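Work through the exercises below with the model open. Try each task before reading its solution.

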Amino acid sequence: MDTNKEAETNDQFIVKYRQQYYDLSRFLHKHPGGINTLKGLNSGDMTARFLKAPPHSDAAMYLMREYKIDPDDSRKTKSGHNEAELQNGDEELRHRARETEDKNNNQVDESMEHLVDWSKAMLPQIANITECYDEWVHKPVDRPLRLFGPWYLEMCTKTPWWLVPLFWIPVIIQCAREDLASSWQDRSQLASFVGYFLFGILLWSFLEYSLHRWVFHVKLNSNSGSWICTFHFMIHGLHHKVPFDPMRLVFPPLPGALLATIIYTPLSFVLLSPRVVLSGALTGYLCYDMIHYYLHYGNPTTRAFVHLKRYHQHHHFSHQTLGYGISSPLWDVVFKTRIHLRKLRYQLRWS
Ligand SMILES: [Zn+2]
Ligand SMILES: [Zn+2]
Ligand SMILES: [Zn+2]
């Protein structure tokens with residue numbers, strides 16, 4: 001049966017791993033390693049498959065806890081023959097599990113989530129955990145995040161993906177319109193318009209890398225102050241903490257406009273045709289944010305996008321200090337922070 005259908009027909013997707021049970025039903029489509037690789041695991045013991053699969057990162061192991069369930073609940077839903085299957089070969093699996101555990105050093109770190117109260121507003125709590133904030137923020141979870149207490153503030157922290165093109169496309173048109181109209185008649189002027197526009201796109205791709213690497217992933221340690229940790233959580237930390245929150249993925253337009261103004265103002269004095277460059281850079285930004293959303297939620301089938309998706313997932317879950325390029329790995333190559341992905345012998349699907 002298709003995994004997809006399996007998930008639809010059963011509202012639970014229970015697996016056994018080592019001596020624990022997990023309900024993966026809400027994780028199937030999110031699994032960075034694809035949904036098709038989980039095929040046939042429902043109601044079974046996945047330990048052997050898991051140990052044969054490419055190694056999972058510590059962040060992945062941490063995330064897995066989110067789906068852990070009470071074994072008594074899982075038995076109720078399981079058919080007898082599966083339970084028997086689950087018991088078979090347990091001894092051998094346990095032995096292999098222990099071996100892998102030691103080798104990968106996985107499963108040994110305790111959950112850090114007791115440090116905060118997930119039922120309360122998170123932002124004010126960041127100040128209390130500055131000492132271990134950097135470690136905590138890079139351990140992903142899959143649960144609802146509330147940033148502020150008051151609903152009217154909380155509302156402002158959520159951005160549906162379509163708001164980004166709705167806001168920025170008119171701005172881009174407005175920036176480019178006059179120059180495009182005046183250069184339309186003259187071939188040489190049109191060529192320079194295209195040149196400046198493309199330069200803007202390239203400028204964005206450098207900004208995408210620089211912001212992501214040196215601002216969003218600014219080095220924090222146990223002495224970092226509460227303001228910097230809180231600010232970090234707001235701008236990028238939360239995306240690493242709750243990577244499956246679709247309303248906290250794209251950059252909200254108003255802070256985006258503020259950031260664009262801060263960057264554009266000094267550049268406008270030194271650039272030729274600054275408004276055309278700006279429209280190119282904003283186009284680059286728009287493509288980046290849409291690609292970023294797509295990489296998280298889409299089911300790419302073309303080689304380039306499958307590669308980008310896997311590349312970005314490795315940034316999230318295994319190499320958080322590498323792979324800063326999202327719309328392209330260009331600057332990762334230049335600055336030697338590229339992630340080398342394993343060649344896969346099979347195609348990954350995410351839906
Ligand atoms: Zn996996
Ligand atoms: Zn990041
Ligand atoms: Zn991301």
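**Exercise 1. Find how many disulfides the whole structure holds.**

Step 1. A search of the whole structure gives 0 disulfides; a disulfide is a pair of cysteine sulfur atoms within 2.5 Å.
Step 2. Take Cys132. The closest cysteine sulfur belongs to Cys229, and at 9.5 Å it is too far for a bond.
Step 3. Check accessibility. Cys132 is partly exposed, at 22% relative accessibility. Cys156 is exposed, with a relative accessible area of 57%. The classes are buried (under 20% relative accessible area), exposed (over 50%) and partly exposed (in between), with a 1.4 Å probe and protein chains only.

A note on the input: this is a predicted model, where local features need pLDDT of at least 70, side-chain atom pairs count only at pLDDT 80 or more, and totals for chains, interfaces and linings use all residues. Residues are numbered from 1 along each chain as its sequence is written, chains are lettered from A and ligands numbered from 1 in the order in which they are written, and side-chain values use heavy atoms, with hydrogens and water left out.

**Exercise 2. List the protein donors of the zinc ion (ligand 1) and place them in the chain.**

Step 1. Donors are N, O and S atoms within 2.8 Å of the metal (3.2 Å for Na, K and Ca); water is not among the atoms, so sites may look incomplete.
Step 2. His31 (NE2) and His56 (NE2) qualify, 2.0 Å from the ion.
Step 3. This pair links distant parts of the chain, 25 residues apart: His31 sits in the loop between β2 (20-23) and β3 (44-45), His56 in the loop between α2 (47-52) and α3 (58-64). Helices (H or I, at least four residues) and strands (E, at least two) are DSSP runs, numbered from the N terminus.
Step 4. His31 is buried, at 11% relative accessible area. His56 is partly exposed, at 24%.

**Exercise 3. Which spacing do the donors of the zinc ion (ligand 2) follow?**

Step 1. Collect the donors: His212, His217, His236, His240 and His315, each through NE2, 2.1 to 2.2 Å from the ion.
Step 2. Along the chain they read H-x4-H-x18-H-x3-H-x74-H.
Step 3. His212 in helix α11 (residues 187-216) and His236 in helix α12 (residues 226-241) are 24 residues apart, a pair linking distant parts of the chain.
Step 4. His212 and His236 are both buried.

**Exercise 4. Describe the surroundings of Ser328.**

Step 1. Ser328 lies in the loop between α15 (303-317) and α16 (330-334).
Step 2. Its relative accessible area is 25%, so Ser328 is partly exposed.
Step 3. Leaving out residues up to four places away in sequence, Ser328 touches Glu208 and Leu308; contact means heavy atoms within 4.5 Å.
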